[in-house]
Amino acid sequence: MRLEAAHEAERSPGLLLWRLTMGWQARQRAALRPHGLTHVQFVLLAVLVHAGDAPLAQATLADRAGLDPMMTSQVVRALEAKALVTRAIADGDARVRLVSATAEGAELVNKAVVDVEQVDAQVFAPLGEGVSAFARDLARLLEHAEANSPNAAGTTSWTQERPGEAPAR
């Protein structure tokens, strides 16, 4: 590889995003460890708490969190075993599971969010006043990616696996 090509690779937006994401995830995992939560568990609980008192269908929860439905099912079972969520069968459709955060789950996620937000503040501090513009740019990229990446179900959540692809875990 030529020296110029190696330098260009180091400045690749995809590689930079990958490296930043990996470091951010490691810090989030460390911040959530004392709360006994994985990052995925935290995200699912936060979505449920944000939804308020109304339970969410498990499929809706997966979509709002941007997660694979199978992974969501497995993580919800783990949260249920910890008494942080409850699941109930929907009236009129035994295939649909409604998920709600318990009082303990809401309390835990409200404590954990302080540490999660602290990590975000530390990671994004170098942007200063530019953090809002950065968040808008990320949202624009995500909207574009979702709008242009239909999944097997014909929806636009690009985090879902497609036919012939191995599931992302």
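How are H3 and H5 oriented to each other: roughly parallel or roughly perpendicular? A few friendly notes on this follow.

1. Please keep in mind that the model is predicted, with local features needing pLDDT of at least 70, side-chain atom pairs counting only at pLDDT 80 or more, and totals for chains, interfaces and linings using all residues. Residues are numbered from 1 along each chain as its sequence is written, and side-chain values use heavy atoms, leaving out hydrogens and water.

2. The axes of H3 and H5 (lines fitted to C-alpha atoms over the stretch in contact, with angles from 0 to 180 degrees between N-to-C directions) come within 10 Å and cross at roughly 85°. The two helices are therefore roughly perpendicular (65 to 115 degrees) to each other. Val40, Gln41, Leu44 and Leu45 of H3 make the contact (heavy atoms within 4.5 Å) with Met71, Thr72, Val75, Val76, Ala78 and Leu79 of H5.

3. The largest nonpolar core, a set of buried (under 20% relative accessible area, 1.4 Å probe, protein chains only) Ala, Val, Leu, Ile, Met, Phe, Trp, Tyr and Cys residues joined through side-chain atoms within 4.5 Å, has 22 residues. Among those with the most contacts inside this core are Leu44, Leu45, Leu79 and Val85. Helices (DSSP runs of H or I, at least four residues) H3 (39-51), H4 (58-65), H5 (69-81) and H6 (103-124) each give two or more residues to this core; H3 gives the most, with five.

4. Val85 deserves a look too: leaving aside neighbours within four places in sequence, its contacts include Leu45, Leu48, Val76, Leu79 and Val99.

Terms used. Buried < 20%, exposed > 50% of the residue type's maximum accessible area, 1.4 Å probe, protein only. Parallel < 35°, antiparallel > 145°, perpendicular 65-115°, else oblique.
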